[in-house]
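Q: Could you take me through one strand of this protein slowly, beginning with a single bridge partner and then widening the view to whatever surrounds that strand?

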Amino acid sequence: MKKTCILLIALTCLPLMAQDNIVNRLMQPVLGQGTITIHQDARLGALLGMEYNPDLSKGKRIQTIGYRIQVFAGNNTRQAKEEAQKVAKYIKTNYPDIPVYTEFISPRWVCRVGDYKTIEEADQAMRMLKSTRKFKEIAILPNQLINITL
């Protein structure tokens, strides 16, 4: 009788141990209810804590909302464009690991750097760039569409 109870408890608890995230919990069959089947990309599972194969996402990027640092803002002249490109070249040369975005956002040329998920990361990078004293005005911009490499 004891062996049967232990076996019954083990078989009941085994599916609970295998549940490691919400997707697995949703896909568990429940007596008297319907069955849920979820088809998803492996990258989504990685974001939920499932096992992840980096070969599947080599070089892939996702976009999300985060922070960027604006290091230059000019007007719509050719001189402002050249200045924005000059600032971008300086950052690419001295900080090759920081992504640089130079673009015309009407009515001015801007140079923005970085893809930061948190304000703390952006603040740390801004302080590092400010310490060079190469930039006239530097500011953290919230709610920017940033690229995250998987």
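A: In this predicted model, a good place to begin is Q70, whose bridge partner in β3 is R112. That pairing is part of a longer contact between two strands, for β1 and β3 run antiparallel and are joined by 5 bridges. β1 also pairs with strand β4, which covers residues 139-149, again in the antiparallel sense and over 9 bridges. Within that second pairing, Q63 stands opposite N147 in β4.

The side chains add a further link between β1 and β3. R68 and D115 meet through their side chains in a salt bridge, with a distance of 3.0 Å from N to O. Because R68 lies in strand β1 and D115 in strand β3, this pair ties together parts that are 47 residues apart in sequence. R68 and D115 are both buried.

When you follow a strand residue by residue, it helps to remember that in a regular strand the side chains alternate between the two faces of the sheet. With that in mind, turn to I69, and leave aside its neighbours within four places in sequence: I69 is then in contact with C111, R112, V113, Y116, A122, A125, M126, L129, I138, A139 and I140. R112, which appears among these contacts of I69, is the residue already met as the bridge partner of Q70.

I69 also leads into the interior of the protein. The largest nonpolar core has 21 residues, and I69 is one of those with the most contacts inside it, together with V71, I91, V113 and L129. At least two residues of this core are supplied by each of β1 (61-73), α4 (78-94), β3 (108-116) and α5 (119-130). The largest share, 5 residues, comes from α4.

Helix α5, which contributes to that core, also carries a salt bridge of its own, in which the side chains of R127 and D123 meet at 2.9 Å, N to O. Since R127 and D123 are 4 residues apart in helix α5, they are separated by about one helical turn. R127 counts as exposed because its relative accessibility is 56%, whereas D123, with a relative accessible area of 24%, is partly exposed. The structure holds 2 salt bridges, and the buried residues R68 and D115 may be set beside the exposed R127 when you look at them in turn.

It is useful, finally, to place the strand within the whole chain. The protein has 5 helices and 4 strands, and along the sequence they follow the pattern α-α-α-β-α-β-β-α-β. Among contacts between residues at least 6 apart in sequence, 65% join residues at least 24 apart. Of the 150 residues, 26% count as buried, and the accessible surface comes to about 11300 Å², of which 55% belongs to carbon and sulfur atoms.

One part of the surface can be looked at alongside the interior, namely a nonpolar patch of about 330 Å² made by I22, L26, M27 and I36. M27 has its place in helix α2, which spans residues 22-27, and M27 counts as partly exposed because its relative accessibility is 34%.

Note on methods:
Residues are numbered from 1 along each chain as its sequence is written. This is a predicted model: local features need pLDDT of at least 70, side-chain atom pairs count only at pLDDT 80 or more; totals for chains, interfaces and linings use all residues. Side-chain values use heavy atoms; hydrogens and water are left out. Patches are made of residues with over 30% relative accessible area and no salt bridge: like charges are joined within 9 Å, nonpolar side chains (Val, Leu, Ile, Met, Phe, Trp, Tyr) within 5 Å. Accessible areas come from the Shrake-Rupley method with a 1.4 Å probe; for residues, only the protein chains shown count as cover. A salt bridge is a side-chain nitrogen of Lys or Arg within 4 Å of a carboxyl oxygen of Asp or Glu. Buried means under 20% relative accessible area, exposed over 50%, partly exposed in between (1.4 Å probe, protein chains only). Contact means heavy atoms within 4.5 Å. A nonpolar core is a set of buried Ala, Val, Leu, Ile, Met, Phe, Trp, Tyr and Cys residues joined through side-chain atoms within 4.5 Å. Two strands pair if DSSP finds at least two bridges between them.
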